Amino acid sequence: MPIEAFAIPAPELAKELLSSVIMHGETAGMIVETEAYLGGEDLAAHSSRGLTDRTKVIFGPAGRAYVYLIYGMYECFNVVADLAGTPGCVLVRAVEPLCGLKLMCQRRKMNEPAVRLTNGPGKLTRALAITRRHYGLRLDKGRLVIRRWRTRPIFETQVTPRVGISECADWPLRFVWNGHPYVSRPPEASCAGSCS
DNA sequence: GGTAGGATGGGCT
DNA sequence: GCCCATCCTACCC
C-alpha cells in the first residue's frame with residue numbers, strides 16, 4: 001500500500017484497512033476489525049493528552065506504526081493516519097491468520113490453530129511478533145508491511161462504538177467485517193449500523 | 001454457558 | 001500512586 005494512501009482521516013483509513021494484510025516475516029494476517037482514534041476532542045485517544053515521547057508518532061506523517069504497551073503485558077498495534085500535524089491513528093483489533101500458522105501458534109503457546117490465536121489486539125501482536133521495536137517504522141515497505149488485495153474481497157462493514165474506553169464511549173468508530181469469525185467480540189445488535 | 005480477579009510495567013497527574 | 005485502547009485462569013452455574 002503506497003504511503004500516501006494512509007494520509008486520510010482515521011475513520012476512512014480504518015474502513016480501508018479491513019481486508020488488508022499485515023505481513024511480518026514468515027507470518028501474515030488479514031485485518032477484520034479496526035478502531036479509529038482522532039485528535040483534539042476524542043478524549044479516548046492517547047494523542048488528546050498532547051505530544052509526548054510516546055505519542056509523537058501519531059502527530060507525524062501517515063503510514064507509520066504506533067505500538068504501545070498496555071497493562072504491562074500486551075502490545076497494541078496502530079497505523080498512523082492523516083497528514084503530519086493532524087493526529088489520528090487506527091488500532092488493529094483482530095486479524096485472520098493467513099501465513100505462518102505454526103510459528104504463530106508457537107508464539108502464542110498453542111498446540112493447534114484456533115480463533116483465539118489472533119482475535120484480539122494483544123493476541124495478534126504476539127502472534128505476528130509486533131513489538132515496540134517497530135515504533136515509528138513505515139508500513140509501505142520493509143519487513144513489516146501492510147498490503148491490499150489486487151481485488152478487494154466483498155464483505156459488509158459493521159460500525160459500532162469502540163471497545164474498552166470510557167470517554168467518547170458512544171462514538172461510532174469501530175469497524176468490523178460483519179460476521180467474520182476472528183472478530184474480537186460480537187457487536188451489540190442495538191448499535192449495529194452497516195454499509196458496504 | 002458465565003464472571004471475577006490477577007498479572008505486570010510504563011505513562012502521566 | 002493510579003490508570004490503563006488486555007488476556008487468561010479459576011471457579012461457578
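User: Buried means under 20% relative accessible area, exposed means over 50%, and partly exposed is in between (1.4 Å probe, protein chains only). On that scale, is cysteine 168 buried or exposed?

Analyst: First, this is a predicted model, where local features need pLDDT of at least 70, side-chain atom pairs count only at pLDDT 80 or more, and totals for chains, interfaces and linings use all residues. Residues are numbered from 1 along each chain as its sequence is written, chains are lettered from A and ligands numbered from 1 in the order in which they are written, and side-chain values use heavy atoms, with hydrogens and water left out. Cysteine 168 has a relative accessible area of 14%, so the cysteine is buried.

User: Which cysteine has the sulfur nearest to that of cysteine 99?

Analyst: A disulfide here is a pair of cysteine sulfur atoms within 2.5 Å. Search the whole structure and you find zero of them. Cysteine 99 is in no disulfide, and the nearest cysteine sulfur, 14 Å away, is that of cysteine 105.

User: Which residue's side chain makes a polar contact with the side chain of glutamate 16?

Analyst: Glutamate 16 sits in helix H1 (residues 10-17); helices (H or I, at least four residues) and strands (E, at least two) are DSSP runs, numbered from the N terminus. Leaving out residues up to four places away in sequence, glutamate 16 touches Met1, Arg148 and Arg152, where contact means heavy atoms within 4.5 Å. A polar contact is a pair of N or O atoms within 3.5 Å; within protein, one must be able to donate a hydrogen and the other to accept it, and residues adjacent in sequence count only if both atoms are side-chain atoms. At 2.7 Å, the partner is arginine 148.

User: How many residues of helix H3 are buried?

Analyst: H3 covers residues 121-128 and is mostly covered. Its buried residues, including Leu124 and Leu128, pack against strands S1 (21-24), S2 (27-37), S4 (74-80) and S5 (89-99), and against helix H2 (101-107). Out of eight residues, the buried ones number six.

User: Which residue in the turn between S3 and S4 has a positive phi?

Analyst: Two strands pair if DSSP finds at least two bridges between them. Strand S3 (residues 65-70) and S4 do so in the antiparallel sense, over six bridges. They form a hairpin with three residues between them, and the one with a phi of about 55° is tyrosine 71.

User: Which base atom of DNA strand B is 2.2 Å from a polar backbone atom of tyrosine 71?

Analyst: A residue is near a molecule or strand if one of its heavy atoms lies within 4 Å of it. Tyr71 is among the residues around DNA strand B, along with Thr52 and Gly72. A polar side-chain atom of threonine 52 lies 3.1 Å from a phosphate oxygen of this strand, and a polar backbone atom of glycine 72 is 3.4 Å from a base nitrogen. For tyrosine 71, the atom is a base oxygen.

User: Which element gives the most to the surface near DNA strand C?

Analyst: Tyr68, Asn78, Arg108, Arg116 and Gly122 come nearest of the 19 residues around this strand. Asparagine 78 has a side-chain N or O atom 2.5 Å from a base nitrogen, while a polar side-chain atom of arginine 108 lies 2.7 Å from a phosphate oxygen. S3, S4, S5 and H3 each supply at least two residues of the surface. With three residues, the biggest giver is H3.
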